[in-house]
Amino acid sequence: MTTTSQPTITGQATNAFDVERIRRDFPILSREVHGKPLVYLDNAATTQKPQCVIDALTTYYSEYNANIHRGVHALSVAATEAYEGARLKIQRFINAGRPEEIVYVRSATEAINLVAQTWGVENIAAGDEIIITGMEHHSNIVPWQMLCAKQGARLRVVPLNDNGELELDEYERMLSPKVKLVAAAHVSNALGTVNPVERLVELAHAQGAVVLLDGAQAVPHAAVDVQAIGCDFYALSSHKVFGPTGVGALYAKYDLLTKMPPYQGGGDMIASVTFENTIYNDVPHKFEAGTPNIADAIGFGAAIDYVTAVGMDAIAAHERDLLEYATEVLSSIPEVRFIGTAKARAAVVSFVIEGVHPHDAGTILDLQGVAVRAGHHCAQPVMLRFKVPATVRASMAFYNTRSEIDALATAVRCVVEKFN
Ligand SMILES: *Cc1c(COP(=O)(O)O)cnc(C)c1O
């Protein structure tokens, strides 16, 4: 996703790296579930953690736990260096122009809410419009609904075609000077669709609108370059990219960020406080009130080091192979109907099985050791669009293998036999 919306493919998927060696870095992958080897295909919900991430957390707590930005003592200096070092890693990972453009948050959800409640409240007025898309996660719907209700603005939705791709002509028609913000998923968690984000940004900017991209599902799958994309805001989440839960990042262009009012008040976000007046700290600290999630930010940095060492291009190539293979083997089961067949897709297959409720399917798959998500994937409007109550979603990561896809297919055949 550096210059095009499609993951870059280099090397041969199966030779580019040693998946069995990679799997040994993830302790959880060797466990069993219901007496069967775990086949973890719920990576869009959360990803597993390599040992180096787990070690980064224990090392922090056992060797240099201290509060940051305050103490002059050795531990505090070490903790501050590690915490700020992780910010630099995030900056380089998405190629942001400078570290001040990276704000630590709790999650991708909080990143979006921060923008809605600061930039949004200042810049969205009655009669303005916000455009989102028909494939958004609830995290990229509800904050904008709340903002529209508060400001008297209007929320508009770009429709999807039957493959689960954006109707770009419709998007172009919807854009006008009334539109102040476009908020879109880079990659859909429910359908896997990779959106043509450069084009979305170009068209929005031509009308003077600011663009926020929800990158929670993009960064685990391919290299992302926010400067090449040109977006104004980009939200990402540590736990979706092999890091700990409880931390995420908001990228915001420096000029926008310096103009935004603070999000929460408290310690660390101030330069000086009297009862009469408070002077806010510089960005990004202005947006990081209170003691942050130091350990998990450091763990996030360790996760970025890990995937960078594996290579985002090698990851994209391996996942491309898994996606093609999963599509092929599941297509051979007549009862399987895919929901989401976009040309540009991340390694996610969402499907329904004729005559079987997705929750029943999920339960039977679990008994075979296969962990998938069965539900609406926090994207209920997508389910409505495709007229299904829920789907079974197998979402892959670079540690998954073709033989795990075979296990999925075998388990799906079991489901079909049980119900037909
Ligand atoms: C998981 C996810 C989110 C929410 O991220 P959190 O960090 O868990 O809050 C938002 N958007 C998409 C597309 C996601 O997959």
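This is a short talk between a student and a tutor about a predicted model with a bound ligand.

Student: What makes the chain count as a compact globule?

Tutor: Set the value against the rule: for 420 residues a compact globule would have a radius of gyration near 22 Å, and the chain has 22 Å, so the two agree. Its C-alpha atoms fill a box of roughly 75 × 55 × 35 Å along the principal axes, and the chain has 14 helices and 17 strands.

Student: Okay, on to the ligand. Which residues surround the ligand?

Tutor: Among them are Ser 107, Thr 109, His 137, Asn 189, Asp 214, Gln 217, His 239 and Lys 240. By class, the shell has two nonpolar, eight polar and two charged residues. Ala 108 and Ala 216 belong to that shell, and they go in the nonpolar class because Ala counts as nonpolar. Asp and Lys count as charged.

Student: What makes the approach of Asp 214 to the ligand a polar contact?

Tutor: The cut-off is 3.5 Å between N or O atoms. A polar side-chain atom of Asp 214 lies 2.5 Å from a ligand nitrogen, so that pair passes. Gln 217 has a polar side-chain atom 2.6 Å from a ligand oxygen, and for Lys 240 the distance to a ligand oxygen is 2.8 Å. Taken alone, the ligand exposes 380 Å², and the protein buries 90% of that.

Student: And which pocket is the space taken by the ligand?

Tutor: That space is the second largest pocket.

Student: How do you know that the bond from Val 283 to Pro 284 is cis?

Tutor: Look at omega: it is near 0° for that peptide bond. Pro 284 sits in the loop between strand S12 (278–280) and helix H10 (294–310).

Student: What is notable about phi of Cys 378?

Tutor: Phi is near 55°, a positive value in a residue other than glycine. Cys 378 is found in the loop between strand S16 (373–375) and helix H13 (380–385).

Notes
Residues numbered from 1 in each chain as written. Predicted model: local features only at pLDDT ≥ 70, side-chain atom pairs only at ≥ 80, totals over all residues. Heavy atoms only, no water. Near = heavy atom within 4 Å. Polar contact = N/O pair within 3.5 Å; in protein donor to acceptor, adjacent residues only side chain to side chain. Areas by Shrake-Rupley, 256 points an atom, 1.4 Å probe, with all protein chains shown as cover. 1 Å grid on protein atoms, 1.4 Å probe; cavity = no way out; pocket = protein on both sides within 12 Å on 5 of 7 lines; lining within 4 Å. Sits in = over half its atoms within 2 Å of the grid points. Helix = DSSP H or I, 4+ residues; strand = E, 2+ residues; numbered from the N terminus. Rg over C-alpha atoms; globule rule 2.2 N^0.38 Å.
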